[in-house]
Amino acid sequence: MKKKLKNLDQEIEELHNYIHLIQSENQNRNTNKLSHIATIFLPISVVFSVLEPIFFLTSLGLYLINYSQVQLFPKYLMACLWDLGYLSPS
């Protein structure tokens, strides 16, 4: 009886370790997604904060854009990241 109980305790511990491993893998996957998103957003936010997005240089010249377009840019970027699978629920 004691041997069976000890074996059962070992099985429970193995299952607990397995669940912990699965949770760690999911956390690593989510951290990896967040680092990819930060890689995209950090340079963009630095550029926007330094240059103040009033003008964008295009191949045809310098065009004035309004702030409503600038405010929509993060939404477009988030939609693109969603389509690429970086923001989909895991």
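## Buried or not

A residue counts as buried when its relative accessible area is under 20%, as exposed when it is over 50%, and as partly exposed in between. With that in mind, take a look at the chain above, which is a predicted model. Of its 90 residues, 8% count as buried.

What about the surface as a whole? The accessible surface of the chain adds up to about 8100 Å². Carbon and sulfur atoms own 65% of that area.

## The overall layout

How many helices and strands does the chain have? There are two helices and two strands. If you walk along the sequence, you meet them in the pattern α-β-β-α. Helix H1 covers residues 2-51, and several residues discussed below sit in it.

Now for the contacts. Take those in the chain with a separation of 6 or more: 47% of them are between residues 24 or more positions apart.

## Two patches on the surface

Let's start with charge. Asp9, Glu11, Glu13 and Glu14 form a negative patch on the surface. One of these, Glu13, is found in helix H1.

There's a nonpolar patch too. Tyr18, Ile19, Leu21 and Ile22 make it up, and together they have about 380 Å² of accessible area. Ile22 has its place in helix H1. Is Ile22 buried or partly exposed? Its relative accessibility is 32%, so Ile22 counts as partly exposed.

## Ile40 and Phe41

Further along helix H1 you'll find Ile40. Which residues does Ile40 touch, leaving aside those up to four places away in sequence? The answer is Leu77 and Leu81. Ile40 and Leu77 are 37 residues apart in sequence, yet their C-alpha atoms are 9.4 Å apart in space. Ile40 counts as partly exposed because its relative accessibility is 29%.

Phe41 also has its place in helix H1. If you again skip residues up to four places away in sequence, Phe41 touches Leu77, Met78 and Leu81. So Leu77 and Leu81 turn up as partners of both Ile40 and Phe41, given the 4.5 Å limit on heavy atoms that defines a contact. Phe41 and Pro74 are 33 residues apart in sequence, and from C-alpha to C-alpha they are 9.0 Å apart.

Why does Phe41 count as partly exposed? Its relative accessibility is 24%, and the buried label needs a value under 20%.

Note on methods
Residues are numbered from 1 along each chain as its sequence is written. This is a predicted model: local features need pLDDT of at least 70, side-chain atom pairs count only at pLDDT 80 or more; totals for chains, interfaces and linings use all residues. Side-chain values use heavy atoms; hydrogens and water are left out. Patches are made of residues with over 30% relative accessible area and no salt bridge: like charges are joined within 9 Å, nonpolar side chains (Val, Leu, Ile, Met, Phe, Trp, Tyr) within 5 Å. Accessible areas come from the Shrake-Rupley method with a 1.4 Å probe; for residues, only the protein chains shown count as cover. A salt bridge is a side-chain nitrogen of Lys or Arg within 4 Å of a carboxyl oxygen of Asp or Glu. Helices (H or I, at least four residues) and strands (E, at least two) are DSSP runs, numbered from the N terminus. Buried means under 20% relative accessible area, exposed over 50%, partly exposed in between (1.4 Å probe, protein chains only). Lys and Arg count as positive and Asp and Glu as negative; His and the chain ends are not counted. The place of a charge is taken as NZ of Lys, CZ of Arg, CG of Asp or CD of Glu.
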